[in-house]
Amino acid sequence: MELDLGCGNLKTITDTLHKEGKPQTFIAKEAGCSQSAVSKHVNRKRCKTNRENHSLERLVKASRATTHRRVKEFGYSCRIPLVKPLLNHRQRQRRLTWAKEKKK
């Protein structure tokens, strides 16, 4: 069973026991989840400064177009490939049959 980060009670148990210095295996047994889930929760990166929080807040408020432009500035491409897989023989036959039925 994985640690549900949406559930406040499990997060509270995990955080409290971690602050008390308990080992992750003990925390996992108490919370009823895997040790790896506890490790991921305990070691997650969080914004630590006001500047990081402000940057994150601006990013969240940015429009889709602004985000798209920034990602392109970083050298990544934001696109869906235009090349699509070709239809197989069966699909072509079905389309042809459908078109002939609609023509009548």
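This is a short walk through one protein chain, from its overall layout to a few of its residues.

Hi everyone. Before we start, please keep in mind that this is a predicted model, where local features need pLDDT of at least 70, side-chain atom pairs count only at pLDDT 80 or more, and totals for chains, interfaces and linings use all residues. Residues are numbered from 1 along each chain as its sequence is written, and side-chain values use heavy atoms, with hydrogens and water left out.

Let's begin with the layout. The protein chain has 6 helices and 0 strands, so read from the N terminus the elements go α-α-α-α-α-α. Helices here are DSSP runs of H or I with at least four residues, strands are runs of E with at least two, and both are numbered from the N terminus. Of the 104 residues in the chain, 12% are buried. By buried I mean under 20% relative accessible area; exposed is over 50%, and partly exposed is in between, using a 1.4 Å probe and protein chains only.

Now, the inside. Which residues make up the largest nonpolar core? There are 8 of them: Leu 10, Leu 17, Ile 27, Ala 28, Ala 31, Cys 33, Val 38 and Val 42. Helix H1 (8-19), helix H2 (24-31) and H3 each give two or more residues to this core, and H2 gives the most, with 3 residues. A nonpolar core, by the way, is a set of buried Ala, Val, Leu, Ile, Met, Phe, Trp, Tyr and Cys residues joined through side-chain atoms within 4.5 Å. As background, nonpolar side chains tend to be buried together in soluble globular proteins.

Staying with H3, have a look at His 41. This residue sits in helix H3, residues 35-42. Is His 41 buried or exposed? His 41 is buried, because its relative accessible area is 1%. Its side chain makes a polar contact of 3.0 Å with the side chain of Asp 15. A polar contact is a pair of N or O atoms within 3.5 Å; within protein, one must be able to donate a hydrogen and the other to accept it, and residues adjacent in sequence count only if both atoms are side-chain atoms. His 41 also lies 8.1 Å from Lys 11, C-alpha to C-alpha, although 30 residues separate the two in sequence.

Next comes H4, residues 50-61, which is where Leu 56 lies. The end C-alpha atoms of H4 are 16 Å apart, and that agrees with the 16 Å its 12 residues should span at 1.5 Å a residue. The expected span is 1.5 Å times one less than the number of residues. H4 is hardly covered, with a count of 0 buried residues among its 12. Leu 56 itself counts as partly exposed, since its relative accessibility is 41%.

On to H5, residues 64-73, and the 1 salt bridge in the structure. Which residue pairs with Arg 70? The partner is Glu 73, and the closest N and O atoms are 3.5 Å apart. A salt bridge means a side-chain nitrogen of Lys or Arg within 4 Å of a carboxyl oxygen of Asp or Glu. Arg 70 and Glu 73 are 3 residues apart in the helix, so about one helical turn separates them. Arg 70 is partly exposed at 38% relative accessible area, while Glu 73 counts as exposed at 57%.

After that we reach the loop between H5 and H6, where Arg 79 is found. Arg 79 counts as exposed, because its relative accessibility is 62%. Its C-alpha atom is 9.5 Å from that of His 68, 11 residues away along the chain.

Asn 88 is in the loop between H5 and H6 too, and is partly exposed at 42%. What does Asn 88 do at H6? Asn 88 caps the N-terminal end of the helix, with a side-chain oxygen 3.1 Å from the backbone nitrogen of Arg 90.

Last stop: helix H6 covers residues 89-103 and reaches 21 Å from its first C-alpha to its last, close to the 21 Å expected for 15 residues. H6 is hardly covered, with 0 buried residues among its 15. Thanks for listening!
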